[in-house]
Amino acid sequence: GSDLGKIVNDGSVSIAAGIAMAIVGVNKLATFLVFSWLSFIGCLLFFRAFTLTFPKADHRRYVYMLFFLPSVIFWTADISKESLMMLAGGLLAYGAAKFLARKRGGFVLVAPGVFIGAYVRPNELLLFMAGFVVAMMVPTAAARKTFGGIRRLIGLVFLGSLLVLSIFLTVHYLHGAGGSLSLQQVHSNNQSASGNLGFGSSNVPYSTNLASYPRDVYEVMLNPLPFNAHGFGQKVAALENLVILGLILASLRNLRILPRAAFARPYLMLCTVYTGAFIYTFAALGNLGLIQRERVVILPFLLVLLCVPRAPRHARPRYDWELRRRVRLQRRRMLEQRAARRL
């Protein structure tokens, strides 16, 4: 009668809260403090992943966005999956950034992140591991010099195993999946369940057709906006969405060089894959309330894409990814010739 089948996903938060209360006592406010503190550690780890990927960049832009978005502060301030997933995401992001930057200790951080993610939200872990595998395959020059074929193969096999584990947990334990990874089925199941419970925000349309992806971007990242917000709570969310829209528009130059930068910094590729896949898959939830809450974990990854370092307008380029491929090759050839002359 202990209902042990719900340890994964729904039961994980109860177990974590029980562990916290065993330490601080049966005090809800103290337990809230513990969970928000764990989430704050996750944010710090996201920041460390960014600074490790771009050590010479101006980091203030990312700090302001990450630590002061209202939804990140609000949804991670209590006993919730968002708090635990922010910690898991931070561990995974920093561990992956260290591994992709050829630093020691990456998998030591990834392992607890995988453990937490597998029990709290295996579907989000699935997306992260998919992004990690893609980032591992980015053919950077530094990776070719450092990673031998055997080590690279071992890393891909390990990550592939974790990806398979994430798929298994998602199919068998995720609420609304119905034993399937069909996003259309997830949408139908959630719509039916929410309709029976009378949830008024279960009217988000969804289609697996990629032509509907722009609508998914709007539903996950920008809905509601001030023109369609009703009530105080929605108006606050609309104001934040308006800020996010403004950040995206102000970062168009950063996004323009994103494809080149992603192949120079594999962590960017991970963030790109995770963000794009998250928007596509989580739009299937079909419930605006669920989407607004669960998208918190995507924000640290999305903000990385908006903070790709570049030179100020009308200034000389500072980074290789600001240059066209032909110019980059010429510069690299010139540096190699200078090095050869010195030798």
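This is a short walk through one predicted model, from its overall make-up down to a few single residues.

Okay, let's start with the big picture. The protein has 343 residues, and 47% of them count as buried. On secondary structure, we've got 18 helices and zero strands. And if you take contacts between residues at least 6 apart in sequence, 67% of those join residues at least 24 apart.

So, helix packing. Have a look at α5, residues 81-100, and α7, residues 122-136: their axes come within 11 Å and cross at roughly 10°. Parallel or antiparallel, then? Angles under 35 degrees count as roughly parallel, so α5 is roughly parallel to α7. On the α5 side the contact uses Met85, Leu92, Ala93, Ala96, Phe99 and Leu100, and on the α7 side Glu124, Leu125, Phe128, Phe132, Ala135 and Met136. Sort those by class and you get eleven nonpolar residues, no polar ones and one charged. As a reminder, an α-helix has 3.6 residues a turn, so residues three or four places apart point the same way. Keep that in mind when you look down the list for either helix.

While we're on α5, a word about Lys81, which sits in that helix. Is it buried or exposed? The cut-off for buried is under 20% relative accessible area, and Lys81 comes out at 16%, so it counts as buried. Leaving out residues up to four places away in sequence, Lys81 touches Asn9, Asp10, Val13, Val120 and Arg121.

Moving on past α5, there's Arg102, in the loop between α5 and α6, with α6 covering 106-120. Its phi is near 65°, which is positive, and this is a residue other than glycine. Most residues other than glycine have a negative phi, and most peptide bonds are trans. Arg102 has a relative accessible area of 35%, so we call it partly exposed.

That brings me to the other backbone oddity. Where's the cis peptide bond? It joins Asn223 and Pro224, with omega at about 5°. Pro224 falls in the loop between α11, which is 213-222, and α12.

Now the aromatics. We count 15 aromatic pairs in the model. One of them is Tyr274 with Phe301, a tilted pair, 4.5 Å centre to centre with 40° between the planes. I like this one as a long-range link: Tyr274 is in α15, residues 266-282, Phe301 is in α17, residues 299-306, and the two are 27 residues apart. Both partners are under the 20% cut-off for buried, with Tyr274 at 2% and Phe301 at 1%.

Which residues make up the ring cluster? Ring pairs link Phe46, Phe99, Phe107, Phe128, Phe132, Tyr274, Phe278, Phe282 and Phe301. You'll recognise some names there: Phe99 from α5, plus Phe128 and Phe132 from α7, were in that helix contact.

Next, α3, residues 60-68. Its buried residues are Tyr62, Met65, Leu66 and Phe67. What covers them? The cover includes α2 (28-53), α4 (70-75), α12 (231-250) and α17.

Since α12 has come up, let's compare two isoleucines there. Ile244 lies in α12 and is buried at 3% relative accessible area. Its C-alpha is 7.9 Å from that of Met221, 23 residues away along the chain. Beyond neighbours within four places in sequence, Ile244 is in contact with Leu222, Arg295 and Leu299.

Ile248 is also in α12, but at 22% relative accessibility Ile248 counts as partly exposed. Again setting aside neighbours within four places, the contacts of Ile248 are Leu255 and Leu306. Ile248 and Leu303 are 55 residues apart in sequence, with 9.1 Å between their C-alpha atoms.

Last item, cysteines. How many disulfides are there? Zero. Two cysteines to look at while you're in there: Cys43 is buried at 5% relative accessibility, and Cys307 is buried too, at 6%.

That's my tour, so over to you.

Definitions and conventions: Residues numbered from 1 in each chain as written. Predicted model: local features only at pLDDT ≥ 70, side-chain atom pairs only at ≥ 80, totals over all residues. Heavy atoms only, no water. Axes fitted to C-alpha atoms, helices over the stretch in contact; angles between N-to-C directions. Helix = DSSP H or I, 4+ residues; strand = E, 2+ residues; numbered from the N terminus. Parallel < 35°, antiparallel > 145°, perpendicular 65-115°, else oblique. Contact = heavy atoms within 4.5 Å. Nonpolar A, V, L, I, M, F, W, Y, C, P; charged D, E, K, R; others polar. Phe/Tyr/Trp six-rings, centres within 6.5 Å; stacked < 30°, edge-to-face > 60°. Buried < 20%, exposed > 50% of the residue type's maximum accessible area, 1.4 Å probe, protein only. Disulfide = S-S within 2.5 Å.
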